[in-house]
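Trainee: I should like to request a close look at one part of the structure shown below, set in the context of the whole chain.

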Amino acid sequence: MSLAHLAPDHIRAIAPYQAGKPISELAREMGLAEADIVKLASNENPLGLSPKARAAMLAAMDELARYPDGNGFALKAAIAGKFAVAPTQIVLGNGSNDILELAARTFLSPGDTVVYAQYSFAVYPLATQAVGARGIEVKAQEYGHDLEAMLAAIEPSTKLVFIANPNNPTGTLCRPGDLLEFMERCPANVLVVLDEAYTEYLPREKQVDSLGLLRRFPNLIISRTLSKAYGLAGLRIGFALASAELSDLMNRVRQPFNVNSLAQAAAVAALDDLDFLRETVRINSEGMAQITAALVRLGVPFIPSYGNFITFHVGDGATLNRFMLERGVIIRPLASYGMKDSLRVSIGLPEENARFIAVLEEALEG
Ligand code: PMP
């Protein structure tokens, strides 16, 4: 007898998140050596992790028999210092995915609605659906957020808006002035989660002064991660910056020990390693130039991207994806985003990018 009916309808209706294929899985499936596989599928940092973060983790190993600091004192102090907020304004998360879910679990009830953009991060509808709220997906404008239409989509039942800036998987960016105007016009009783997972990759003039917005707008929740530019995806660490009032509520909902000790120790070191961050951004802009030049040369259309990845359009994404996998190159199909003609490739090291380009070229010739 199936017990699936014990889960509420809105849970049974959830389509699971599709992650990038792990290297070990492709190696098993294709009989390839792991060392011969290039993974450019999950927007990870191709440089690995900061040496300072590694050293901090090694030093924290001896304490692993103990529970982590559930209040994350040292990490909150580091974040507070770096971003000029009070520790009471910080919520630590098991990755920023945890932050997105905490926002949903803390503030939403069945019957509430949530506004997000078409082609924006897959976790927004998932987190919405998991709490029985209803998503209002607003049609994208040139693959990016149509902030005007998102404002217009807000209903009396709307409690929360998700905005990814830059957006994944399209790499699009909102203009800083447009975001400010959005916050000015958004009803004060609607929460706005501004997901800045890729903000470190932006040139300064493209960066939104989100901390300035936070001082002005108490309904803003900023979400950040250490999975991308800081190179700690496997450790799972992210955080929210919000008013002390909203942070306090989210902190009540999270698991008491949601961020493990190694992640806390590594994050303190990583936030401080500006050399590593600079090198990450440099490698990314060079790799972005390398890949976009190849796409232009090969006549493959793409969406100009502000992240550490780029989405391009091919006739049939599934066929090219299979071709790539058979040759040991893992990229990200986007059919689950309703973009079956598109694929997303993360920016890697120069030689990894070259391998992707060579296989793409081979596919187009064939
Ligand atoms: N937000 C966006 C826009 C993302 O692309 C991702 C990762 N794919 C996340 C949040 C979550 O990342 P993490 O949980 O590793 O912080």
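Trainee: What area does the protein expose, and what share of it do carbon and sulfur atoms supply? With that as background, please examine closely the largest nonpolar core and its surroundings.

Mentor: This is a predicted model, in which local features need pLDDT of at least 70, side-chain atom pairs count only at pLDDT 80 or more, and totals for chains, interfaces and linings use all residues. Residues are numbered from 1 along each chain as its sequence is written, and side-chain values use heavy atoms, with hydrogens and water left out.

The protein exposes about 16400 Å², and 55% of that area comes from carbon and sulfur atoms; the areas follow the Shrake-Rupley method with a 1.4 Å probe, and for residues only the protein chains shown count as cover. Of the 366 residues, 54% count as buried (under 20% relative accessible area; over 50% is exposed and in between is partly exposed, with a 1.4 Å probe and protein chains only). The radius of gyration, taken over C-alpha atoms, is 21 Å, which agrees with the value near 21 Å for a compact globule of 366 residues; that rule is 2.2 Å times the number of residues to the power 0.38. Along the principal axes, the C-alpha atoms fill a box of roughly 60 × 60 × 50 Å. The secondary structure comprises 14 helices and 13 strands, which are DSSP runs numbered from the N terminus (helices H or I of at least four residues, strands E of at least two).

The core itself comes next. In soluble globular proteins, nonpolar side chains tend to be buried together. Here the largest nonpolar core has 56 residues, and those with the most contacts inside it are Ile 163, Phe 182 and Leu 241. Such a core is a set of buried Ala, Val, Leu, Ile, Met, Phe, Trp, Tyr and Cys residues joined through side-chain atoms within 4.5 Å. Helix H11 (residues 261–272) gives the most to this core, with six residues. A separate second core, of 33 residues, includes Phe 121, Leu 160, Phe 162 and Ala 164.

Phe 182 is in contact (heavy atoms within 4.5 Å) with Leu 147, Met 150, Leu 151, Val 161, Ile 163 and Val 192, its neighbours within four places in sequence being left aside. For the protein as a whole, 73% of the contacts between residues at least 6 apart in sequence join residues at least 24 apart.

The surroundings include the loop between strand S5 (158–164) and helix H8 (176–185), in which Pro 166 lies. Pro 169 also lies in the loop between S5 and H8. Most residues other than glycine have a negative phi, and most peptide bonds are trans. Nevertheless, the bond from Asn 165 to Pro 166 is cis, with omega near -5°, and the bond from Asn 168 to Pro 169 is cis as well, with omega near 15°.

Two further loops have backbone features to note. Asn 43, in the loop between strand S1 (38–39) and helix H3 (51–60), is not a glycine yet has a positive phi of about 55°, and it counts as buried at 1% relative accessibility. Tyr 119, in the loop between strand S3 (113–117) and helix H6 (123–130), has a positive phi of about 65° although it is not a glycine; with a relative accessible area of 18%, Tyr 119 is buried.
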